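User: Please take a close look at one part of this model, the nonpolar interior and the aromatic residues associated with it. I would like a single connected account.

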Amino acid sequence: MVLTEAADSALVPSSVRGEPGNRFVIILRGPGCVYDRRPSGGCSYCSFRSLTTGGIRVSTGDLVQQVESAAARLDWAHDRVLQVEIFNSGNFLNEFEVSRLARKAIFEKIAQWKTVRVALIESRPEYITASNLVPLPQTLAQAGGKRLEVGIGLESVSDHIREGVLRKGFSRAEFERSVSGLAALDIDLLAYVMLKPTVMGDEEA
């Protein structure tokens, strides 16, 4: 398994906060979500395991190289990348999955990409803390006011559906606490929701 190449990357035509351009999506090949790798398993619908190393930790240098290799394929003069999305089939803010040094180095790279307006990462609520996030938003802000956005898989406002059916492993209250923490740091939120979980029928959903 090559650890210096991202699991996948793509340039996606889009509108970024009302401005036409492209989103640059990078899926890092990391060890995978620590919640999913518990003996009891993780979310009931997860399909990201094939993009991971299966629990093998990836070095800071290799993760940064994955970003650099993916970015080298872009034509920065013409591609008009307004948003970059760094996914790792898990939690970008978890130390085992993406080290603090790797996070810092990756964001220093993003800060150099002049056309980028927004950087998106994903995490479970328990890793969304000031100590894990700092200095990521400051690194972006100093590079022409770029914004950090954090995606959280809320999926449903119902604790019963989220925990009992989808096995997300966190409550609505925990989600709301993490949102308050993001707001305190002036970081934007992206909440993923499911209109119809695959395990439910149309009428029930």
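Analyst: The account below turns to the interior, then to a helix, and then to the aromatic rings.

This is a predicted model, in which local features need pLDDT of at least 70 and side-chain atom pairs count only at pLDDT 80 or more, while totals for chains, interfaces and linings use all residues. Residues are numbered from 1 along each chain as its sequence is written, and side-chain values use heavy atoms, with hydrogens and water left out.

A nonpolar core is here a set of buried Ala, Val, Leu, Ile, Met, Phe, Trp, Tyr and Cys residues joined through side-chain atoms within 4.5 Å; buried means under 20% relative accessible area, exposed over 50%, and partly exposed in between (1.4 Å probe, protein chains only). The largest such core comprises 39 residues, and Phe 92, Phe 107 and Ile 110 have the most contacts inside it. At least two of its residues come from each of β2, α1, β3, α2, β4, α4 (136–141), β5 (147–155) and α6 (172–184); helices (H or I, at least four residues) and strands (E, at least two) are DSSP runs, numbered from the N terminus. Beyond its neighbours within four places in sequence, Phe 107 is in contact (heavy atoms within 4.5 Å) with Phe 92, Ala 119, Ile 121, Leu 136, Thr 139, Leu 140 and Leu 148. A second, separate core has five residues, among them Ala 7, Val 25, Ile 27 and Leu 120.

Helix α1 (residues 60–71) buries Leu 63, Val 64, Gln 66, Val 67, Ser 69, Ala 70 and Ala 71. The cover over these buried residues includes β1 (8–16), β2 (19–27) and α2 (100–112).

Aromatic rings of Phe, Tyr and Trp (its six-membered ring) pair if their centres lie within 6.5 Å; planes under 30 degrees apart count as stacked, over 60 as edge-to-face and the rest as tilted. Three aromatic pairs result. One of them, Trp 76 with Trp 113, is tilted, at 5.0 Å centre to centre and 35° between the planes. This pair links distant parts of the chain, 37 residues apart: Trp 76 lies in the loop between α1 and β3 (81–87), and Trp 113 in the loop between α2 and β4 (118–122). Trp 76 is partly exposed because its relative accessible area is 29%, whereas Trp 113, at 11%, counts as buried. Together with Phe 24, Trp 76 and Trp 113 form one aromatic cluster.
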